[in-house]
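Subject: Structure handover

Hello,

Here is the structure I promised to pass on. Please open it alongside this note; my findings follow below.

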Amino acid sequence: MLVLLAGIFVVHIATVIMLFVSTIANVWMVGTTAGGKGSWGLWLMCNGTCRQLAVNSSEEASLKAAQAFMILSIIFSVIALVMFIVQLFTLEKGKRFYITGAIMLVCWLCILIGASIYTARFTGLRAGFVNPHHGYSFILAWICFCFSFIIGILYLVLRKK
């Protein structure tokens with residue numbers, strides 16, 4: 001049981017790190033331009049130099065929502081990690097990690113909403129980009145989605161021994 005809890009803890013830390021990288025890095029989409037490769041993400045568009053991501057006024061609310069939900073997912077994941085450590089030392093034997101699991105499932109929901117909004121609204125062509133495809137930040141966000149769901153369910157099921 002101790003090995004299982006340690007493994008979940010390590011995967012949880014890896015998920016937090018990947019969420020940070022996914023949200024901060026601007027490689028959600030990658031494409032080719034006349035000047036070479038370029039990428040864009042939640043914050044900037046980079047093509048040699050990085051500049052503010054230009055969006056239409058109709059897409060601005062969607063971009064802000066995707067940014068907000070990805071930031072919320074980081075916050076909830078860190079809170080769940082802290083709660084796990086607190087519960088590990090304060091929870092009585094035989095009790096389950098309900099609070100940690102619930103917070104991690106809220107993180108999972110935030111990743112789902114943020115990544116889904118981005119997928120629905122921003123994975124198409126950008127002006128000046130040819131042959132766009134998903135970058136590593138986008139893929140990391142969906143990997144974190146899977147990990148956070150699995151971790152959240154495991155926290156709900158596991159008992160402290």
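Start with Ser-116. Ser-116 counts as partly exposed, because its relative accessibility is 29%. This serine is found in helix α3. Its C-alpha atom is separated by 16 Å from that of Trp-43, and the two residues are 73 apart along the chain. Please keep in mind that this is a predicted model.

Now the overall picture. The protein has four helices and five strands. From the N terminus on, the order is α-β-β-β-β-α-α-β-α. The C-alpha trace spans about 60 × 30 × 20 Å along its principal axes. Of the 161 residues, 41% are buried.

Next, the annotated segments. In an unreviewed entry, UniProt lists residues 7-30, 68-90, 97-118 and 138-158 under "transmembrane region". I looked at two of these in the model. Residues 97-118 are 95% helix and 0% strand, with the end C-alpha atoms 32 Å apart. Residues 138-158 are also 95% helix and 0% strand. There, the end C-alpha atoms are 30 Å apart.

Aromatic contacts come next. The structure holds 12 aromatic pairs. One of them joins Tyr-118 and Phe-138, at 6.5 Å centre to centre. Their planes are 50 degrees apart, so the pair is tilted rather than stacked (under 30 degrees) or edge-to-face (over 60). The pair links distant parts of the chain: Tyr-118 sits in helix α3 (residues 98-122), and Phe-138 sits in helix α4 (residues 136-157). The two are 20 residues apart. Both Tyr-118 and Phe-138 are buried.

These two rings also belong to an aromatic cluster. Its members are Trp-28, Trp-108, Tyr-118, Phe-122, Phe-138, Trp-142, Phe-145 and Phe-149.

Tyr-118 has another partner, in strand β2. The side chain of Trp-40 makes a polar contact with the side chain of Tyr-118, at 3.5 Å. Trp-40 lies in strand β2. Is Trp-40 buried or exposed? Trp-40 is buried, because its relative accessible area is 0%, and the cut-off for buried is under 20%. The C-alpha atoms of Trp-40 and Thr-123 are separated by 9.9 Å, with their positions 83 residues apart along the chain.

Strand β2 (residues 36-40) also holds Ser-39. Ser-39 counts as buried, since its relative accessibility is 12%. A polar atom of the Ser-39 side chain lies 3.0 Å from the backbone oxygen of Asn-26.

Last, the surface. Which residues form a nonpolar patch there? They are Val-11, Ile-139, Ile-143, Phe-147, Phe-149, Ile-150, Ile-153, Leu-154 and Val-157. Together they have about 670 Å² of accessible area. Helix α4 supplies the largest share of the patch, eight residues. Phe-149 is named both in this patch and in the aromatic cluster.

Ile-143 is one of the patch residues, and its place is in helix α4. Why does Ile-143 count as partly exposed? Because its relative accessible area is 33%, which falls between the 20% and 50% limits.

If you look at one place in the viewer, I suggest Tyr-118. Tyr-118 pairs with Phe-138, and its side chain makes a polar contact with that of Trp-40.

Best wishes

Notes: Residues are numbered from 1 along each chain as its sequence is written. This is a predicted model: local features need pLDDT of at least 70, side-chain atom pairs count only at pLDDT 80 or more; totals for chains, interfaces and linings use all residues. Side-chain values use heavy atoms; hydrogens and water are left out. Rings of Phe, Tyr and Trp (its six-membered ring) pair if their centres lie within 6.5 Å; planes under 30 degrees apart count as stacked, over 60 as edge-to-face and the rest as tilted. Buried means under 20% relative accessible area, exposed over 50%, partly exposed in between (1.4 Å probe, protein chains only). Patches are made of residues with over 30% relative accessible area and no salt bridge: like charges are joined within 9 Å, nonpolar side chains (Val, Leu, Ile, Met, Phe, Trp, Tyr) within 5 Å. Accessible areas come from the Shrake-Rupley method with a 1.4 Å probe; for residues, only the protein chains shown count as cover. A salt bridge is a side-chain nitrogen of Lys or Arg within 4 Å of a carboxyl oxygen of Asp or Glu. UniProt positions are given in the numbering used here, feature names are shortened, and annotations may be inferred rather than shown by experiment. A polar contact is a pair of N or O atoms within 3.5 Å; within protein, one must be able to donate a hydrogen and the other to accept it, and residues adjacent in sequence count only if both atoms are side-chain atoms.
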